[in-house]
Amino acid sequence: MRGKAPPDPETLGLSSEDLTRMYRTMVLTRVLDRYLLRLQRMGKVALYAETIGEEAVGVGTGYALRPEDVLFPSYRELGAFLMRGVPVSEILDRMLNTVDDPLKGHEFAIFGDRRYNIVPAPTPVATQIPLAVGYAMASKVKGERIVVMTIFGDGATSKGDFHEGVNFASVHKPPVVFVCRNNQYAISTHVSKQTGSSTIAQKAVAYGLEGIRVDGNDVLAVYLTTRAVVERVRDGGAPVLIEALTYRLGAHTTSDDPKRYRTEEEVQRWAKLDPIERMRGYLIAKGVIDEERDVALRAEIEGLVAAEVERALQRPGLEPAVIFEDVYASPPWTLLEQAEELKELSGLQKVTKG
Amino acid sequence: MTVMTFAKAINDALRHEMKRDERVVVLGEDVGVNGGVFRCTEHLLMEFGPSRVIDTPLSESAIIGVAIGMAMNGLRPVAEIQFSDFIFGGFEQLVSNLAKIRYRNAGHYFAPVVVRAPVGGGVRGGMYHSQSPEAYFAHTAGLKVVIPSTPSDAKGLLISSIRDEDPVIFFEPKRLYHSLREDVPDGDYTVPLGKARLVREGDDVSVITYGATVYDALEAAERAAKEGVSVEVLDLRTIVPYDWEAISRSVRKTGRPVIAHEAQRTAGFGAEIAAMIAEREIYSLEAPVLRVTGYDTPFPLVHEHHYLPNPERILRAIRRSVAS
C-alpha cells in the first residue's frame, strides 16, 4: 500500500463501526497485554506470552469469524479472544487463576471456553492443528455450517502435526482455515532458520491447497482476506492456508531475553510498523476518529482494564482439591483415595466432581 | 574443583567432551545463539562452531531422528529437547528407532545418542513444563535412563552417558538448574551409570528416590530425626539400569522402604522397585513398601506444592512405616 493513497473504507466495504471495533480491540489487547506482563513480573501470573506488535493478526482473524465458528488457537491469540467478545474480566480470572477461572487452574492457556467456541491452546506446538481438521470433519458429518480456524506460529510449520494435518485436510476438504501467525521468531530461531521455503504460504501449494500471504500488521488486510476465505470455506470451498506476516516485538515469553539473539535496530525497524499506529493513522486520515476521541478512547480502556485488574486481584483463589477434577468424567477409586489423602494433609473441604 | 550450578556443570561436561572427542555434537532448539533456554549450552557455538552446535527447526521428531542418523554414521550426538514435556513429539523416533536400532540391526548399526531434557516441577510451569515422563522410557528396552540430582553427578553422569555405547535419556531436574551450587571436580570426571548414591545413612527407614525429590527426602529425614527416627536416603541416579544391590542392602538394613518420585503413582517407576522388593526382599520387610508420588492427575498449574511429593508427605509415609 505504501506509495499510494489507501482506499476509502466504503471502497473496502467497511463501516465506521467495523473500523472502530477493530481499532478499539487492538488498543484493548495492547493495554491488557501490558497489564498481564506486569502481573507476571509481580508474581501473580506464572508465565505469559506477550502479543505486543501482533495485535492485528488476532483481531483481524477474530473479526472474520461468526460466533458459531470454532477457534483452535496457539498461545498468543489474546486479540482474537477479545474480538470474539470475551470480557476482560474473564481473561483476568483465567490468568490469575481466581475461583472463577473457567479452566480451573489446570493449565496455562490464556483463555478457552466452550461458550465462546474457543478451545484452550496446548503448549506443545502445532498439536492443535490435526484437532481442528477433525473438528471440521465432524461438523461436515453433522451438516453444520461452521468454519473451524486454527492459528499457529511459524515454528509450528516445522512439525509433523502441521504437515499431517494440512495434508489430511487436503484430501477430505473439511471447512477448516489454517492461519500461520508468522512473527518471524520461534524463541531465538528466525524463520529463515526454520524453513528453506521463502514463504509459509507456499507450503500449501504442495498439498494442492491455496496459500495466501497477507501483511499481518495491517488489520484491514488481515480481516478482509480472512473474511473472504472463511466465507468461501463455509460455502464448501477447500481449506486455505493464510500466512500473516508480522513481528514479535516482545520476548517469546516472560522467561526469554531476546537481546541475546537479535539486534535493537531490527526491533526498532519493525516497531515503526506498529499495527495500532498504522490503523490510527488510517482512521484519522479518513476522518473516522479524531485525536481527541482517540485520547478519550485510550483513557477509557486504560481505566476499564485497571479496574478489572483491581477486581480480579481481590478474588479468592482455587482450592487445592481442584487438581483432582476433570481427570476423568468420573474419578476411579485410585484418584478418590488420593484426593482423600490431600484433604487430610491440608485440611481441605470436600472434593467436588469435575 | 570449581563451584558450579547444575546448569553450569552440564555445560562443563558438554564442553569437556566436545574438546576431547570431535565426534561429539550438540543439536536442539535454541541451543546455539541463545545458549539453550536454561543456558546449558551457553558459549558452545562460539567455541565449536555451527557444524557441531546445531540450532534446529522446531521439531522434536526430526531432532531425535537426525541424531540417530548421525550416531549410526559415527558421531556422538547430544540432542536437547527443550522440555521433557515436548519429548512426545519425538516419541516414535525414541521408541521405534533409537531404542531398537542395535537389536533390529543385530549390532551392524547402533546409535549412541544422548537425549537431554529438563524434567520435573516446582517452577510454576504447569502441565507442559513440569512432567516427569521417565517411566515411559524405562519401559522401553534398549534405552538407559539417567536422572542426576547434584551438579557433580550431572557432570559425571553426562560424561559417562556420552561415552556409553547405548542411547541414554538424560533427564535434568529443572528446578535444580540454578538453585544448587557445589564444588564440581575439574576436567575429566565420570560417575558410572547404574550406581546409586547413599546420600544419608540411617537405620530405621530407607527413602529410595531420585532427581529433585532427593532434597525433599533429606528434609523429611531431618525432621524425622527430631522425632527420633533415623532415615536413610538413597539416590538412584540411574533408573535403567538401576542399582538393585544398593536398594537391597538398604532394605535389609532398615526393613522399611519408602519410595518417592514426582511422577504419578500408577505404573510409575516406584512400582518397579516395589515389585522387586516384594520378589526378592519380602522377608526383610518390617513394614509395607510405601510410595510417595505425584498424584494420578496431569501436572496441575495451581497448587503444585500439594501435587509434588513434598517433605510433609514423605515424613507422613516415614511415620506410617515406623508405626507398622
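## Cysteines

In this predicted model, A:C180 is buried, with a relative accessible area of 0%. B:C40 also counts as buried, at 1% relative accessibility. Looking for disulfides across all chains, you will find zero.

## Strand β7 of chain A and its neighbours

Let's turn to strand β7 of chain A, which spans residues 240-245. This strand is mostly covered, as five of its six residues are buried.

Which strands pair with β7(A)? One of them is β3 of chain A (residues 176-182), which runs parallel to β7(A) and is joined to it by six bridges. Within this pairing, A:R181 has A:A244 as its bridge partner. Strand β6 of chain A (residues 210-215) also pairs with β7(A) in the parallel sense, again over six bridges. Here A:L241 in β7(A) stands opposite A:G211.

The link between β6(A) and β7(A) is worth tracing on the model too: together with helix α9 of chain A (residues 219-234), these strands make a right-handed β-α-β unit.

## Where chains A and B meet

The size of an interface is often given as the accessible area lost when the parts come together. Between chain A and chain B, the buried area is about 3300 Å², and carbon and sulfur atoms give 59% of it. Three residues, A:R260, A:I323 and A:Q338, supply 19% of the area that chain A buries against chain B, more than any other three residues. The contact takes in 41 residues from chain A and 34 residues from chain B.

How many salt bridges are there between chain A and chain B? The count is four. One of these joins A:R260 to B:E42, with the closest N and O atoms 2.7 Å apart. A:R260 is thus a good residue to pick out on screen, as it is also among the three named above for buried area.

Notes: Residues numbered from 1 in each chain as written. Chains lettered and ligands numbered in written order. Predicted model: local features only at pLDDT ≥ 70, side-chain atom pairs only at ≥ 80, totals over all residues. Heavy atoms only, no water. Disulfide = S-S within 2.5 Å. Buried < 20%, exposed > 50% of the residue type's maximum accessible area, 1.4 Å probe, protein only. Helix = DSSP H or I, 4+ residues; strand = E, 2+ residues; numbered from the N terminus. Pairing = 2+ DSSP bridges. Right-handed = clockwise from strand over helix to strand, strands pointing away. Contact = heavy atoms within 4.5 Å. Buried area = accessible area lost by both parts, 1.4 Å probe. Salt bridge = Lys/Arg side-chain N within 4 Å of Asp/Glu carboxyl O.
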